[in-house]
Amino acid sequence: MRILILFLLLSSFADAQAPSKENAPRRDLSGVWGIQAARETSADDKQSPGGEIPPLTTWAKARYDLQKPGYGKRAAPGGNDPILQCDPMGFPRILYFPTPFEFAQISNRVLQMFERDHVVREIWTDGRALPADPDPLWYGYSTGQWVDDTTFVVDSTGYDDRTWLGAAGFPHSETMRLEERYQRMDRDTINFTLRIDDPQAYAKPWIALPRVLKLRPRAEIRQGYCVASEEQSFTKRIREPGALDTGAAPRK
Amino acid sequence: MKKFALLALLLSTAVLFAHHGNTAYDETARVRIKGTVTEFIWTNPHSQIYLDVKDSSGKVVNWGVETNSPGILTRAGWTRRSIKAGDEVTLILCPAKNGQPVAYIGSGDPGTKVIFADGRELDFTDKTIDKTAP
């Protein structure tokens with residue numbers, strides 16, 4: 001009996017030493033990653049940083065009122081979410097979209113490759129500073145550095161202000177600054193945090209809900225282009241009939 | 001109690017993962033329809049299944065069913081040839097709230113699936129996630 005108990009104890013110890021408990025690779029984020037579902041605080045967190053949304057400035061409130069989302073407490077059919085006509089999703093929204101993305105590291109950049117629109121976001125690691133007055137870009141201008149052997153910090157700005165911070169329609173300005181921290185905890189795990197500083201839009205920094213990224217070695221990033229002509233056909237055949245105000249009940 | 005917990009889990013998961021960009025569907029419902037596939041469109045970000053369904057009066061209605069992107073479907077084990085015109089299928093789906101013959105099946109709403117005449121099923125579980133990993 002004692003031998004059996006000892007065997008079971010050793011077996012569970014062996015399980016605890018499974019490959020995912022290896023030491024975190026040093027200064028390496030390479031691989032395909034999937035964002036894990038988080039406890040979302042409200043419907044306004046869809047494809048969004050989540051966390052407590054700070055008070056909006058007058059400028060941001062005016063924009064927010066014009067944005068007609070498909071999700072959240074203001075949701076209604078027939079909205080104007082830019083992605084419904086294949087406009088770029090933008091960052092950080094694309095990071096929260098539930099498809100995997102890949103990190104690749106080259107000599108002067110870390111590349112973040114997303115499935116949606118096959119987007120490649122370049123994060124410069126050659127020590128350059130962020131530009132003082134960048135042209136607005138759909139995926140911003142980003143620099144990154146390792147602050148220790150397992151923590152990669154990305155600073156970015158210059159985001160085109162037509163993108164939304166999530167499906168509920170929260171706006172941002174072109175001068176939004178983001179600080180992302182990717183901390184490699186072990187082979188399979190990155191802890192991710194995000195801070196949004198955008199005084200033009202929010203009365204104080206927006207601290208995103210911390211998220212976990214898991215290594216997905218069996219997943220591949222597909223060429224997930226949103227093609228406007230295909231999306232228009234889909235809208236005509238399914239989205240618009242589904243949004244008609246018929247006053248009828250669902251078919252059972 | 002277990003049933004209630006499972007239902008609560010299903011509902012909360014649906015709220016977490018639904019991402020198909022409109023509020024048209026009744027995501028609390030799971031409705032079974034049976035018909036003959038007329039078209040399977042494998043496009044990003046919305047694949048689509050069209051099928052002829054006989055309503056209660058015997059009239060044939062063509063339904064349009066939204067589903068996931070080829071990326072999500074591929075990871076769930078589908079291919080562009082998984083469904084073809086002429087297939088007899090049963091769908092467990094979320095119908096449009098407004099009574100139109102449009103609906104959603106996909107990873108956003110657990111329990112939605114395709115069942116073929118021979119009993120084979122296609123669902124939306126990601127087969128590339130290693131369930132044995134901690």
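These questions and answers cover a predicted model with chains A and B.

Reader: How many residues does chain B give to the contact with chain A?
Author: Both chains take part. Chain A gives 41 residues. Chain B's share is 37 residues.

Reader: On the side of chain A that touches chain B, how many residues are charged?
Author: Sort that side by class. It has 21 nonpolar and seven polar residues. The charged residues there number 13.

Reader: In what order do the elements of chain B run?
Author: Start with the inventory. Chain B has two helices and seven strands. From the N terminus on, the order is α-β-β-β-α-β-β-β-β.

Reader: What share of the contacts in chain B with a separation of 6 or more joins residues 24 or more positions apart?
Author: Chain B has 134 residues, and 40% of these are buried. Now take its contacts with a separation of 6 or more. Residues 24 or more positions apart account for 60%.

Reader: Which helix of chain A supplies at least two residues of the largest nonpolar core?
Author: That core has 32 residues. Leu29(A), Trp33(A), Phe91(A), Ile94(A), Ile190(A) and Ile196(A) have the most contacts inside it. Strands that each supply at least two residues include S1 (31–35) and S8 (189–197) of chain A. The helix is H3 (93–96).

Reader: How many residues are in the other core, which has Val89(B) among them?
Author: This core lies apart from the largest one. Ala103(B), Ile105(B) and Val114(B) are also among its residues. The count is 22 residues.

Reader: Leaving aside neighbours within four places in sequence, which residues are in contact with Ile94(A)?
Author: Ile94(A) is one of the residues with the most contacts inside the largest core. Set its sequence neighbours within four places aside. Its contacts are then Met89(A), Phe114(A), Arg116(A) and Val119(A).

Key. Residues are numbered from 1 along each chain as its sequence is written. Chains are lettered from A and ligands numbered from 1 in the order in which they are written. This is a predicted model: local features need pLDDT of at least 70, side-chain atom pairs count only at pLDDT 80 or more; totals for chains, interfaces and linings use all residues. Two residues are in contact if their C-beta atoms, placed from the backbone, lie within 7 Å. Ala, Val, Leu, Ile, Met, Phe, Trp, Tyr, Cys and Pro count as nonpolar, Asp, Glu, Lys and Arg as charged, and the others, Gly among them, as polar. Helices (H or I, at least four residues) and strands (E, at least two) are DSSP runs, numbered from the N terminus. A residue is buried if 20 or more other C-beta atoms lie within 10 Å of its own, exposed if 12 or fewer, and partly exposed in between; C-beta atoms are placed from the backbone. A nonpolar core is a set of buried Ala, Val, Leu, Ile, Met, Phe, Trp, Tyr and Cys residues joined through C-beta atoms within 7 Å.
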